[in-house]
Structure formats: structure tokens, C-alpha cells
Amino acid sequence: MPSNPPLKLSGPLGWAIAGVAAAALFGAGMLTARALFDDDAEAPPAAGAPVATRPPAQGAGPGVARPGIPTSVGRGGEDSAAPKGGPYGGPSGCAAPLPADALGASSVDLAAAGVAPRVPRSGFELTSLYLSAIADCTPDGTPTGSPRPSLSTSWRHTATGLEVYISQTASSEPAAPVLRSDGATFSALGYLFAVYVNAYPVMPVDTGTTAYPVKPDPRAADVLREVIARMIPGFDQQCFWVAVDGDWASLAAYGIGDPRPAIPDRFKLTEVHITTFRKPAPSCDTSIRPTEGLGLYAQWNAPGGESLGVSVTGLPAGATVDYPGYLDQYGASWTANGLQFSIWYGSKDGPGSADLVRAVARALDPSFTDACFIQQRTLAEADLAKLGLRPPAPPSGYTIVTKNLTASDIAPGCPRPKDFFASYALFWTLEKGADVIDVSVYAAPDAPKPGSFSGWISDSSISWMTADGKSFNVSGYSKGVSPVVSRDDLIAVAKSLDPSLDISKLEEQPGGGVVPPRPAPRGPERGN
């Protein structure tokens with residue numbers, strides 16, 4: 001049974017692909033760096049031995065009985081508040097500068113970059129390497145704090161031909177060692193390691209080969225164990241947490257409740273995937289429990305087109321999310337206790353059920369409360385005038401057939417992120433026989449203002465944004481002989497929404513243009 005959500009191999013595999021491109025830039029430097037990995041080169045220190053590196057690499061914490069995480073003593077100034085890990089346990093952060101002497105005239109100096117490489121050596125052929133550095137990120141994406149060097153390498157296992165991808169990033173924070181069917185993440189000797197074995201052959205696209213294997217190579221698991229043993233001989237692989245298929249009962253150990261009692265009887269379970277972790281050997285240190293990779297995905301369907309789904313995923317160790325959760329009649333999303341929860345609900349005729357979503361949420365998360373969530377509420381047209389907005393006036397022959405007017409806000413007295421602003425999303429559909437006009441308006445009165453007007457007009461749409469940030473879109477189509485509706489009708493609707501609109505200031509776009517951003521409409525409410 002596959003884990004869920006599906007693991008995106010954007011960690012080691014992604015870096016390895018980047019390494020293939022980067023390797024071409026190294027030129028002669030690749031040859032010098034490669035010598036560091038050859039059998040006749042100086043061997044890297046044994047597991048548990050001190051590792052002396054240039055800053056900013058730093059050793060891990062003290063050892064434990066029968067350690068699953070070998071320790072080392074290093075020196076340097078790595079920021080202890082390092083990001084915990086990216087997709088598939090790999091490094092995350094902002095690109096940071098490497099030391100200037102890491103790249104010489106004809107060589108790449110890994111020691112100067114602060115990296116003491118741990119590599120599989122014999123039995124593996126180096127195919128690429130990529131040297132970089134990462135750091136914490138400011139809100140605007142600027143690196144901050146001490147850079148942490150990161151080395152990503154790609155290898156070919158000579159006996160099987162399988163591709164192996166390894167990344168090691170300086171980190172002083174221990175991480176739970178986790179073994180999956182195709183990869184592993186663990187901390188050792190002052191680094192966070194991510195190892196991935198591609199269980200399928202890698203072949204050029206121009207070989208003409210079409211007979212690709214349907215199943216993964218069963219030798220991949222042994223290759224994974226071998227590469228870890230060769231990288232760090234002292235690493236006790238009995239101390240891995242092993243990702244395994246779980247069941248409903250296994251979720252309780254991670255603070256996840258069984259949602260099934262809250263699911264109405266009319267729903268039938270159609271799909272479920274659960275991934276948990278098997279504990280290491282009893283003598284191993286289990287003080288750090290893994291979360292990233294933990295997963296629940298389940299889907300139910302009911303007659304009449306109803307569907308309901310839940311998803312719970314473990315966040316990277318130490319990850320924090322300061323944005324509030326969200327709940328409405330179509331779903332919910334929130335984080336709690338290192339877990340990301342999601343619920344989605346839909347029906348064929350549109351209406352959702354906040355009560356059903358809330359009941360499932362309480363079953364999934366015993367600590368659930370939505371008191372300070374971003375909440376969506378329905379507006380009456382009488383509320384629009386207070387916001388400086390108005391409904392569309394249908395042109396002659398048109399009738400409003402659907403409308404959906406909502407406000408999204410956080411309750412008074414609750415914490416409000418600095419970049420959150422109450423918003424209003426309004427949608428109408430007008431029809432006259434085969435002619436249809438869709439109208440959308442979006443406003444966030446307290447958000448930063450653009451300060452200038454912009455907009456365009458075409459045969460099928462009018463879209464504009466006012467200087468105070470209100471966004472409007474009027475678009476039409478016909479299900480009749482002619483695919484377009486009258487431009488005069490579109491202009492009439494636009495002017496009814498915004499009487500100050502000067503059509504002459506709109507940029508003519510015969511083929512259409514870019515609609516100002518606005519949220520996707522929710523389930524429509526039938527009009528009178």
C-alpha cells in the first residue's frame with residue numbers, strides 16, 4: 001500500500017539532477033574533487049571519530065547508548081536555529097554564499113567550503129556533484145545567519161547499475177533516522193544526510209528503448225543499506241525508524257483520531273492509505289520521533305455525487321506554522337502538534353456543510369478548535385453598500401441565476417498574522433437564453449493599495465483593478481450560434497458595478513488579457 005500523500009522525490013533526486021548540470025561547470029575542478037572520493041585518497045574519519053572542518057560545520061550533540069546517530073566534535077559557527085529539512089528530509093533554506101576559496105583556478109576545495117565528504121567509495125562510481133550553501137530565510141527570501149555547506153552527489157552502483165543520490169548538509173540538530181523503501185534520512189557526524197536509490201534504470205531518451213520494467217528492482221533495498229554502511233561504517237542500521245503501511249488503530253500513537261465515526265452512513269470508503277513508522281530496536285535512542293513522511297489519506301463517496309476526503313501529513317521536525325487554519329462548508333485546513341490536517345467536501349448540487357466538516361475535524365484532531373480560524377461567512381446584498389460595493393444590474397432580458405457572496409475573516413480578539421486582511425469575494429451568473437455573463441468582484445479594504453488604475457477589455461471580457469485595490473471581472477459567452485455576447489451588455493454590467501469606470505482607459509486586448517487575481521468561486525447559491 002503506497003504512502004500518502006505521495007512523496008515527491010524533489011529532495012535527493014532533484015538535487016542530483018541539478019548536480020548533473022552543475023558538474024559541467026566544474027571543469028578541471030571536478031577531477032580534483034573526484035580524487036577525494038577515490039579508494040586511494042585519504043579515507044574519511046570513522047564513525048564516532050572527531051571530524052575537524054572549517055566553519056560553519058559543527059558537531060552533533062552527545063552520544064547515547066548504542067547510538068543510532070554517530071556523533072562528532074567539530075568547530076565552526078552554524079546557526080543552531082537551522083531549518084529542519086526540506087522535501088524527503090533534505091535541506092531547505094535560502095541559497096547562501098560559499099567561501100571564496102572553495103573554487104580555485106583549477107579545483108574545487110571541499111575543505112575550504114566546510115565539507116568533510118562522507119561517500120560510499122568502492123563499489124560505486126561518481127557521476128556528478130553539486131556544492132552549495134543554504135541559510136535561514138527572512139520573510140522576503142534573503143538568506144540570514146551562518147551559511148551551511150551542502151554537498152549533493154550522484155553515483156552508479158557498479159554491480160547493479162542502479163543510480164544513488166546523496167546529500168549532506170551541515171547541521172548541529174539531530175534528526176530521527178528514517179528508512180523508507182527507496183531512501184533514508186538521518187543525522188550523523190554534524191550533517192543531515194538524505195540518500196535515495198532509484199529502483200528503475202536511468203536511460204537516455206534517444207536509445208529507442210520502450211521495454212521499461214513494470215516493477216522496481218528488488219535489489220534497491222540492499223543497495224540502500226550498502227551505501228549507508230560504506231558512507232558511515234559505524235552507523236547502527238537497527239536504529240532506523242522504518243516507514244511501514246499502517247492501519248486506523250496505528251494512528252492513535254501519533255495523536256491522530258479515527259474519523260470514521262463522524263462520517264455519515266451514506267458515505268462508503270473508496271480509498272485509504274496510511275503510513276506510520278516501526279520503532280527501532282529497544283536499545284536505540286528513540287527520544288526523537290519522526291513526523292515527516294507520516295501520512296493518512298482517505299476518500300469516501302455517497303450516492304448523488306457527494307464526496308468527502310481527509311488528509312493528515314507529518315511536518316518536518318521542528319517546523320512551525322504561524323498562519324491560522326481555515327474552515328468553511330467545503331473543507332478545512334489547519335496544523336496542530338506537528339501535523340497538517342485537511343478535509344474537503346463536495347456535492348453535485350453545490351451546497352456544503354460546515355457542521356459535517358467540523359465534526360470530522362474533531363474526530364481527526366482531539367485538540368481541534370476553530371475559534372480563531374479564518375472563517376467564511378455568507379453576505380447579504382444589503383451588506384455590500386457598507387463595503388463600497390454593489391451587485392450587477394442585469395441588462396435587458398438578463399436574469400441573475402446564481403450568486404455567491406462571501407467574507408473571509410478572523411474573529412475579533414484572535415491573533416492576526418501581519419499579512420492577513422479580511423477579504424470579500426462576490427460572484428454572480430447572469431443568463432439570457434443562450435447568453436451567459438459571469439461576474440466576479442474581489443476586495444480586501446485593509447490590504448496595501450496599488451495606487452493606480454489598470455484594466456483591459458476584449459470581445460469577451462472586461463477586467464480592471466481600481467487604485468484602491470478592488471478587482472472586477474465581467475466575462476461572457478454564448479451557448480448559441482455565436483460564441484460571444486454583446487460587448488454593450490458587458491459594458492453595461494461593468495458600469496453598474498463601478499459607475500466611475502472610464503471605458504476609454506481600458507487597454508484593448510482582442511484576444512483577451514490577464515484577469516486580476518481573485519479567489520476561485522465556491523459552490524453557488526441559487527438566486528431568486
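Start with helix H5, residues 354-364. Helices here are DSSP runs of H or I, at least four residues, and strands are E runs of at least two, all numbered from the N terminus. Arg 358 and Asp 355 both sit in H5, three residues apart, about one turn of the helix. They form a salt bridge, with the closest N and O atoms 3.7 Å apart. By salt bridge I mean a side-chain nitrogen of Lys or Arg within 4 Å of a carboxyl oxygen of Asp or Glu.

A word on the source. This is a predicted model, where local features need pLDDT of at least 70, side-chain atom pairs count only at pLDDT 80 or more, and totals for chains, interfaces and linings use all residues. Residues are numbered from 1 along each chain as its sequence is written, and side-chain values use heavy atoms, leaving out hydrogens and water.

Back to Arg 358. Arg 358 also forms a salt bridge with Asp 370, at 2.9 Å between the closest N and O atoms. That pair links distant parts of the chain: Asp 370 is in the loop between H5 and strand S15 (374-378), 12 residues from Arg 358. Now burial. Buried means under 20% relative accessible area, exposed means over 50%, and partly exposed is in between, using a 1.4 Å probe and protein chains only. Arg 358 is buried at 18%. Asp 370 is buried at 11%. Asp 355 is exposed at 59%.

How many salt bridges does the structure hold? The number is 14. Another one joins the side chains of Arg 156 and Glu 125, at 3.6 Å from N to O. Arg 156 is in strand S3 (residues 143-157) and Glu 125 in strand S2 (residues 124-137), 31 residues apart. Both count as partly exposed, Arg 156 at 33% and Glu 125 at 38%.

Next, disulfides. A disulfide is a covalent bond between the sulfur atoms of two cysteines. The test used here is a pair of cysteine sulfur atoms within 2.5 Å. By this rule there are three.

Cys 94 and Cys 137 are one pair, with sulfurs 2.0 Å apart. This link is right-handed, with 125 degrees about the S-S bond. Cys 94 lies in strand S1 (residues 94-95) and Cys 137 in S2, so the bond ties together parts 43 residues apart in sequence. Cys 94 is buried at 10%, and Cys 137 is partly exposed at 40%.

Cys 239 and Cys 284 are also joined, S to S 2.0 Å. The torsion is about -80 degrees, so this disulfide is left-handed. Cys 239 is buried at 2%, and Cys 284 is buried at 7%.

Then there is Cys 372 with Cys 414, again S to S 2.0 Å. It is left-handed, at -75 degrees. Cys 372 lies in the loop between H5 and S15, and Cys 414 in the loop between strand S16 (399-410) and strand S17, so the pair ties together parts 42 residues apart in sequence. In sequence order, the bonded cysteines pair 1-2, 3-4, 5-6.

Last stop, helix H6, residues 487-497. Which residues of H6 are buried? Asp 489, Leu 490, Val 493, Ala 494, Ser 496 and Leu 497. Seen down the axis, they fall within an arc of 160 degrees, taken from the directions from the helix axis to the C-beta atoms. They therefore line one face of the helix.
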